Amino acid sequence: MNNFSDRHNGPKQSDVDQMLSEIGVKSVNDLINQTIPSSIRLDKDLDLPNALSESRFLEHMHALAKKNKNYRSYIGMGYFNTILPSVIQRNILENPGWYTSYTPYQSEISQGRLEALLNFQTMICDLTGMEIANSSLLDEGTAAAESMCMLLNTMSRAKKKTGSNKFFVSELCYPQTIDVLKTRAEPLGIDLIIGDYKTVELTEEFFGILVQFPGKYGEVLNYSDIISNAKKLDIGVAVAADLLSLSILTPPGEWGADVVIGTSQRFGIPMGYGGPHAAYFATKEKYKRNIPGRIIGVTKDADGNRSLRMALQTREQHIKREKATSNICTAQVLLAVMSSMYGVYHGPKGLKDIGKKIHSLTSKLSEGLIQLGYHQLNKTYFDTILVKVGNVSMENINTYAEDAKINFNYIDEKTLSISVDEKDDLSNINDILEVFAKSCNHSDSRNLIEEVLAGNYDEAYNKIPENLYRKSEYLQEEIFNKYHSETEMMRYIKRLENKDLSLTHSMISLGSCTMKLNAASELLPLSWTELGNIHPFVPSHQARGYHIMFHELEEMLCEITGFDAMSLQPNSGAQGEYAGLMVIREYHKSRGDIHRNICLIPSSAHGTNPASAVLAGMKVVVTPCDKNGNIDVEALKEKVLEHSENISCLMITYPSTHGVFEESVMEITNIIHENGGQVYMDGANMNAQVGLTNPAKIGADVCHLNLHKTFAIPHGGGGPGMGPIGVAEHLQEFLPSNPIVNMGGENAIHSISSAPWGSSLVLTISYAYIKMLGAEGMKKATEIAILNANYLKVKLEKDYSILYTSESGRVAHEMIVDFREYKSGGVEVSDIAKRLMDYGFHAPTVSFPVVGTLMIEPTESESLSELDRFIETMSSIKQEINEVVDGKVDAIDNVLKNAPHTMQSVINSDWTKPYSREKAVFPLDFVKRNKFWPSVRRVDDAFGDRNLQCTCAPVSDYVE
C-alpha cells in the first residue's frame with residue numbers, strides 16, 4: 001500500500017460499500033450527484049501533477065530544499081537565527097499530541113496548552129514590564145496594527161469629540177511594520193504620520209504613537225521626551241520591542257508605554273523564510289476588554305480546584321460580529337507554546353546570559369570594525385551595529401561576504417547594518433571581521449582581530465548606559481526556575497501534553513474546522529535547516545527552493561479554485577478575509593467607485609466576516625436566511641435593490657455554514673454582479689469542493705483558503721494557520737506587496753502580513769498534501785469527506801434532529817444536530833459537549849452557527865470504526881438525555897450536568913452521586929480500553945471573568 005491517498009483517507013473500500021448501503025445509494029458518484037447541484041459541477045478533472053508516494057515526495061523535497069543557500073544571515077530587521085532546544089523540537093514541534101489539538105474552547109481537556117499559554121503571557125508581561133498580555137498574535141506588523149486600532153478605539157471622549165485621527169510612527173520602525181500599518185490605517189480614516197521621533201510636533205490631533213526599541217538599525221534610544229509629551233496630550237504610546245533585548249535593557253513598561261508589541265521569534269523559533277512566529281501584545285490592565293486575540297485566565301472548576309480557560313469570551317467575533325474589537329480569530333499557539341518553553345527551559349539567568357553574550361559579541365565586532373578603519377554609528381546598541389564603510393567599495397564587501405556565505409543588511413552604497421544573535425560565537429565574529437579586513441586590504445588584520453577577540457564576554461558588557469540597563473527582576477515565578485535539566489523539561493512537557501485531547505486520541509469532529517489527518521510525511525520538512533534557517537529578506541537566488549515551491553503551489557491552488565492568481569501572504573483565515581476585501585476595495589477605487597462600501601453578509605456567516613468587513617472600511621448589511629438555512633434570495637434582492645449603487649461585495653460561505661450546497665448560489669452571485677458588486681467566498685468549507693466544483697465556477701471573484709483546514713496544516717492548538725487568497729483576473733493587479741521584496745500586483749495594496757509570503761515554512765505542508773494526493777486523490781478526499789458526513793447523518797438522525805439538509809435530504813461535509821428541544825427538560829447543549837469528554841471525544845462546534853446545536857464535521861481521515869464509536873457514544877448520550885427529560889433521574893445531580901468526571905472525582909471515597917462510578921467514567925466498553933481522563937471538572941467561566949488573573953502566580957503567593 002504505497003498510495004498516499006489510501007493512507008490519508010479513513011474508510012477502506014469494503015467500509016465505503018457498507019456506508020453507501022446504509023445511506024441508500026449505489027455509488028459514491030450517486031451520492032455526490034444528490035449532494036452537489038449539477039449546475040456547478042466541474043466538467044473535467046483537475047490538471048495537477050501526478051501523485052508522488054511519500055518516499056518520492058521526501059526525495060523531491062530534499063532536492064528542493066538543497067536549492068536554498070544556507071548562509072549565515074546578519075540582516076536582523078525583526079528576524080534572527082535561533083537555537084531551538086532539542087527537547088522542545090522533539091517533544092512539541094514534532095509531536096502530534098501538541099500539533100493536532102484544537103483551539104482550547106473546551107477547557108477541561110485543554111489544560112496542558114492552556115498552562116503553556118499562561119506561561120507565555122507571564123513571560124511577556126515580565127519581560128515587557130506590562131500588566132496583561134494575550135496568548136499571541138500573527139506577526140509583529142499585525143500586532144502593531146492591532147495596537148493602533150486599540151488606541152483608536154479607546155481614546156478619551158474628549159479626543160473623540162475633537163476628531164483626533166493622527167497616529168505617529170517613527171521612521172526607525174521596521175519597514176514591513178510600517179507597510180502593514182499603512183494597509184490598516186487607510187480604510188479606518190487614520191492619518192499615518194511617519195517621521196523623526198525627535199522632531200515631530202505632537203498635538204491634540206494625535207491619538208497614538210509607535211516607536212521601535214531598539215531602532216531598526218540597532219540603536220538603543222531614549223524615548224523619554226516624546227513619551228512625556230504624549231502623556232501631557234493624552235496620546236497613547238505603543239512600543240515595538242525586541243523581546244530578547246529586554247533581558248538586559250530597561251523594559252518599556254517602566255518608561256511609560258501603554259502597549260508593547262513584538263515577536264517571540266528569538267525564543268527558539270526558526271526564521272522559516274518569514275514564519276510562522278508568535279507575536280506578542282502586552283498592555284495595561286485597563287485595556288483588558290479591548291485587547292485583541294485570546295487571553296488565558298485562571299478560574300476554578302466544579303470542585304473548586306484551580307483551572308484555566310480562555311477568558312473574556314464576550315469579545316469574540318461570533319458574539320460581537322461587526323462590533324468586535326478585532327478580526328483576529330486563530331493566532332500562533334504552537335509557536336507561543338514553544339517560545340514559552342524556551343523561557344521555562346532557560347529561566348531568567350539563562351535568558352540574561354544569552355542577552356549578555358550577544359551584546360558582548362556585538363561590542364567586540366564594533367571594536368574590531370573601528371580598528372579596521374570603519375565608522376560604527378550606533379552610540380548605544382544591543383545586538384545590531386550600523387556601519388559606514390567610507391571609501392571601501394560596498395561591492396567588495398558584498399563579494400567577500402558572498403564568498404564567506406554571509407549576509408548583511410545593505411542599506412545604501414555607504415551604509416550597512418549587522419545583527420548578532422544567539423548562534424554566534426567568537427569564531428563567527430572573526431569570520432565577519434575577515435570579510436571587512438579583506439575588503440579594505442588591511443595589512444595587519446590577523447593580529448588586530450586576535451587582539452580584539454581576546455578576553456572574556458563581560459568586559460564589553462557595561463557599554464549600555466545606566467538609565468537603559470535593566471535593574472528589575474523578571475521570571476521569578478516558580479515555573480521559570482524549576483525545569484532546567486532536559487529530563488525534568490521532557491517530563492514537564494509530557495505532563496502538559498497528557499492533559500490535552502488531540503487527534504492522537506480520537507476524532508475531533510468540529511464543524512467548519514476540518515480536523516483532518518496531518519500526515520507525518522507532510523510535516524517532516526519543518527525541522528530541516530535548509531528551510532528553517534532562511535531569512536525572509538535574503539536575495540531571492542538564496543531561496544530558490546522556496547520560490548520553486550511557491551510557484552508550483554500557487555499554480556496548483558489556482559487550478560483547484562479556478563482563479564487566475566494567488567497571494568500566499570495572508571497568514572491566517574481572518575487575514576485572508578481582510579486581504580480579499582481590501583483587494584475588492586482597491587478595485588472599486590480604481591474605477592472611481594469609492595462610494596461602493598456596502599458589504600452584504602448572510603446572518604449565518606462566520607463571525608470574522610463582519611469584523612473583517614468593518615476593518616476594510618465597509619458598512620455591514622446583514623441579509624437573512626430562510627427556514628431551511630439557505631440565503632433568502634427574495635430578501636437578498638430587496639437589500640440589493642435598496643443599496644444597488646453602493647454595493648461593494650457579498651461575503652458567502654460555500655457550501656453554507658449550515659452544511660448544505662445551496663441550489664441558488666449562481667443566481668445569488670449573478671444578482672451581485674449585475675449590480676456592480678463583487679463576490680467574496682469564505683473558503684472555510686473548501687473541503688467539500690476540491691475536485692468537484694470550485695469558487696470560480698459558482699461565480700466568486702475572490703476567495704481565501706484555510707490551508708490549516710482543507711490543505712492539512714495542523715491547527716496546533718490554535719495556530720499557525722495560513723489564509724492565501726485566490727482572485728479572478730480583474731483583481732490580480734491589486735494583490736498585496738511588500739516594501740523590501742518586489743512582489744504583488746501592478747497596483748498592489750500595501751502589505752497584509754510582515755513577511756512577503758506569510759508563514760512560508762508551513763506552506764511546505766500544503767504543498768506536500770497536494771503533491772502526494774494528485775488530482776485523483778484530491779477529488780477522492782472530497783468524496784470521502786462527503787460520504788463520512790452523510791453516513792453520520794443517517795445514523796444520528798435515528799436519535800436526533802438534523803437541522804438542515806438539501807432538497808434531496810443530503811448534507812455536504814458537515815451537519816448541524818439540534819438539541820434545543822431538550823432545553824425545556826433541563827438539558828443544555830453544553831451538557832452534551834462536556835459529557836462527550838467522558839466518552840473520550842472532543843465536542844463538535846457548539847452553538848455555531850445556530851445556538852443550542854452541535855455542528856459535526858468528520859473529515860475524510862476518519863475510519864468507519866471511529867465513526868461508529870462516535871455514533872455509539874451519541875446514542876448512549878441520547879438515553880442519558882431521555883432519563884433527565886423524562887424525570888427518571890435528578891434534574892441537577894446527573895451524569896450530564898456533572899460532566900466531565902475526573903479520576904479524582906471517582907476515586908474519592910465519598911461518592912454520593914445517584915449513579916455509579918462506572919456510568920460516570922466508563923459508560924461504554926470501548927472507553928475502558930482507551931480512557932482519556934479530563935484533568936479538571938467543569939470550569940466556572942463567570943468566576944474567571946469576575947476575578948481575572950492572566951499570569952502565573954508570583955512566588956509570594958506560595959509563602960504561607
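This is a short talk on the sheets, cores, salt bridges and cysteines of one predicted model.

I will begin with strand E5, residues 206-213. Is this strand enclosed or open to the outside? Eight of its eight residues are buried, so E5 is largely enclosed by the rest of the structure. It has strand partners that you can find in the viewer. Strand E3, residues 166-170, pairs with E5 in the parallel sense, over four bridges. If you want one pair to look at, take Phe168, whose bridge partner in E5 is Ile209. Strand E6, residues 236-241, also pairs with E5 in the parallel sense, here over six bridges. In that pairing Phe213 stands opposite Ala241 of E6. To get from E5 to E6 the chain passes through helix H11, residues 224-232, and this β-α-β crossover is right-handed. As a reminder, strands of a sheet pair through backbone hydrogen bonds, either parallel or antiparallel.

The antiparallel case turns up in another sheet. This one is open, has five strands in the order E1-E13-E14-E12-E11, and its pairing is mixed. Which strands stand at its edges? They are E1, residues 72-74, and E11, residues 375-376. Each has a single partner strand, so one side of each is left without a neighbour in the sheet. Further in, strand E12, residues 384-388, runs antiparallel to strand E14, residues 415-419, and five bridges join them. One of the bridge pairs is Val387 with Leu416 in E14.

Strand E14 takes us to the cores. In soluble globular proteins, nonpolar side chains tend to be buried together. The largest nonpolar core here has 247 residues, and Met341 and Ile418 have the most contacts inside it. Helix H26, residues 760-796, gives the largest share of this core, with 21 residues. What does Ile418 touch, leaving aside residues up to four places away in sequence? Its contacts include Tyr74, Leu365, Leu369, Phe408, Ile432 and Phe436. Also among them are Asp383, Thr384, Ile385 and Val387. There is a second, separate core of 36 residues, and it includes Phe167, Ile190, Ile328 and Leu948.

A short word on one helix. H22 covers residues 608-615, and seven of its eight residues are buried. Those buried residues are Thr608, Asn609, Pro610, Ala611, Ser612, Ala613 and Leu615. Just after H22 comes Gly617, which takes a positive phi of about 80°.

Now the charged side chains. Side chains of opposite charge can pair when their charged atoms come close. How many salt bridges does the structure hold? The count is 47. I will show three. In the first, Glu205 meets Lys166 at 3.4 Å, nitrogen to oxygen. This pair links distant parts of the chain, since Glu205 is in the loop between strands E4 and E5 while Lys166 is in strand E3, 39 residues apart. Glu205 is partly exposed, at 42% relative accessibility, whereas Lys166 is buried, at 19%.

The next pair is Lys288 and Glu285, at 3.8 Å. Lys288 is partly exposed, with a relative accessible area of 25%, and Glu285 is partly exposed as well, at 32%. The last pair is Glu478 and Lys482, at 3.7 Å. Here Glu478 is partly exposed at 40%, and Lys482 is partly exposed at 44%. Elsewhere, salt bridges that share partners join Glu186, Arg585, Glu586 and Lys589 into one network.

I will end with the cysteines. A disulfide is a covalent bond between the sulfur atoms of two cysteines. With a cut-off of 2.5 Å between the sulfurs, the count of disulfides in this model is zero. Why is Cys149 not in one? Its sulfur is 15 Å from the closest cysteine sulfur, the one in Cys173, and that is too far for a bond. Cys599 is in no disulfide either, and its nearest cysteine sulfur, in Cys649, is 3.7 Å away. Are these two cysteines, Cys149 and Cys599, buried or exposed? Cys149 is buried, with a relative accessible area of 4%, and Cys599 is buried, with a relative accessible area of 0%.

Definitions and conventions
Residues are numbered from 1 along each chain as its sequence is written. This is a predicted model: local features need pLDDT of at least 70, side-chain atom pairs count only at pLDDT 80 or more; totals for chains, interfaces and linings use all residues. Side-chain values use heavy atoms; hydrogens and water are left out. Buried means under 20% relative accessible area, exposed over 50%, partly exposed in between (1.4 Å probe, protein chains only). Helices (H or I, at least four residues) and strands (E, at least two) are DSSP runs, numbered from the N terminus. A nonpolar core is a set of buried Ala, Val, Leu, Ile, Met, Phe, Trp, Tyr and Cys residues joined through side-chain atoms within 4.5 Å. Contact means heavy atoms within 4.5 Å. Two strands pair if DSSP finds at least two bridges between them. A crossover is right-handed if, with the strands pointing away from the viewer, the path from the first strand over the helix to the second runs clockwise. A salt bridge is a side-chain nitrogen of Lys or Arg within 4 Å of a carboxyl oxygen of Asp or Glu.
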